[in-house]
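Got your viewer open? Let's take a walk through this one, selecting a few residues at each stop.

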Amino acid sequence: MTRTYSDAVADPYEAPPLSFTDKEDRTIEVRAYDGTDEELESLVDMYESFDPSDRAQGIPPGREDRIRDWLDNILDDDCLNVIAWDGDDVAGHATLVPDGDAYELAIFVHQTYQRSGIGTRLIKALLGHGRVSGVEKVWLTVERWNRAAVNLYQNVGFETSDAESFELEMTIRLAEPDG
């Protein structure tokens, strides 16, 4: 299947590290994943306490062994990852996973931190990280009934490219095509 992307390049996004105050007056720091054991264990902790009702399309997995296997795949060197930190606690995690000539985006904000502006800042930081890392095109799928997520993606600059199924496919262009 061929995805369609806007010819227009999205506005620039600030790349991590960055910090901001969320709507609950917490200081949130967004940093690129650095591969330390401490960061990995903090991610596992967040996903172990992730609300099962917030899982979409089977991710994140529910059991610790499956969480670790899944993280092994998306924390690979070919992927780009950013983490939102509230002190030593992971508030959210977003990843860009290579898929042909583009990258697939996935984002997870722990239920304790939802609706506080972290998701928007986390996606923008990931897209900024992607752009400076040479990513040209990004896509995602979202369940069409998930209006909060659809609105978030639209507000960041994603456009619907396919609405044929129960999921919407959305795309964004971060850079002009090479050539």
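Helices (H or I, at least four residues) and strands (E, at least two) are DSSP runs, numbered from the N terminus, and two strands pair if DSSP finds at least two bridges between them. Residues are numbered from 1 along each chain as its sequence is written. You are looking at a predicted model, where local features need pLDDT of at least 70, side-chain atom pairs count only at pLDDT 80 or more, and totals for chains, interfaces and linings use all residues; side-chain values use heavy atoms, with hydrogens and water left out.

**Stop 1: the hairpin.** Select strand 7 (residues 159-162) and strand 8 (residues 167-173). Together they form a hairpin, with four residues between them. They pair in the antiparallel sense over three bridges. Click Thr160 and you'll find Met170 of strand 8 standing opposite.

**Stop 2: the other neighbour.** Now add strand 6 (residues 137-143), which pairs with strand 8 in the antiparallel sense too, over seven bridges. Pick out Lys137: its bridge partner in strand 8 is Arg173.

**Stop 3: inside or outside?** Is strand 8 enclosed or open? Seven of its seven residues are buried, so the rest of the structure largely encloses strand 8. (Buried means under 20% relative accessible area, exposed over 50%, partly exposed in between, with a 1.4 Å probe and protein chains only.) In a regular strand, side chains alternate between the two faces of the sheet. Colour Glu167, Glu169, Thr171 and Arg173 for one side of strand 8, then Leu168, Met170 and Ile172 for the other: both faces are covered.

**Stop 4: aromatic rings.** Rings of Phe, Tyr and Trp (its six-membered ring) pair if their centres lie within 6.5 Å; planes under 30 degrees apart count as stacked, over 60 as edge-to-face and the rest as tilted. That rule gives six aromatic pairs here. Select Tyr47 and Trp70: their ring centres are 5.0 Å apart and their planes at 80°, so this pair is edge-to-face. Tyr47 belongs to helix 1 (residues 37-48) and Trp70 to helix 2 (residues 64-74), 23 residues apart, so to speak of distant parts of the chain being linked is fair. Both are buried, Tyr47 at 0% relative accessibility and Trp70 with a relative accessible area of 13%. Add Phe50 and Phe108, and you have one aromatic cluster with Tyr47 and Trp70.

**Stop 5: one last charge.** Finish at Arg3, whose charged end sits over the ring of Trp139, 3.5 Å from its centre. (A charge sits over a ring if NZ of Lys or CZ of Arg is within 6 Å of the ring centre and within 35 degrees of the ring normal.)
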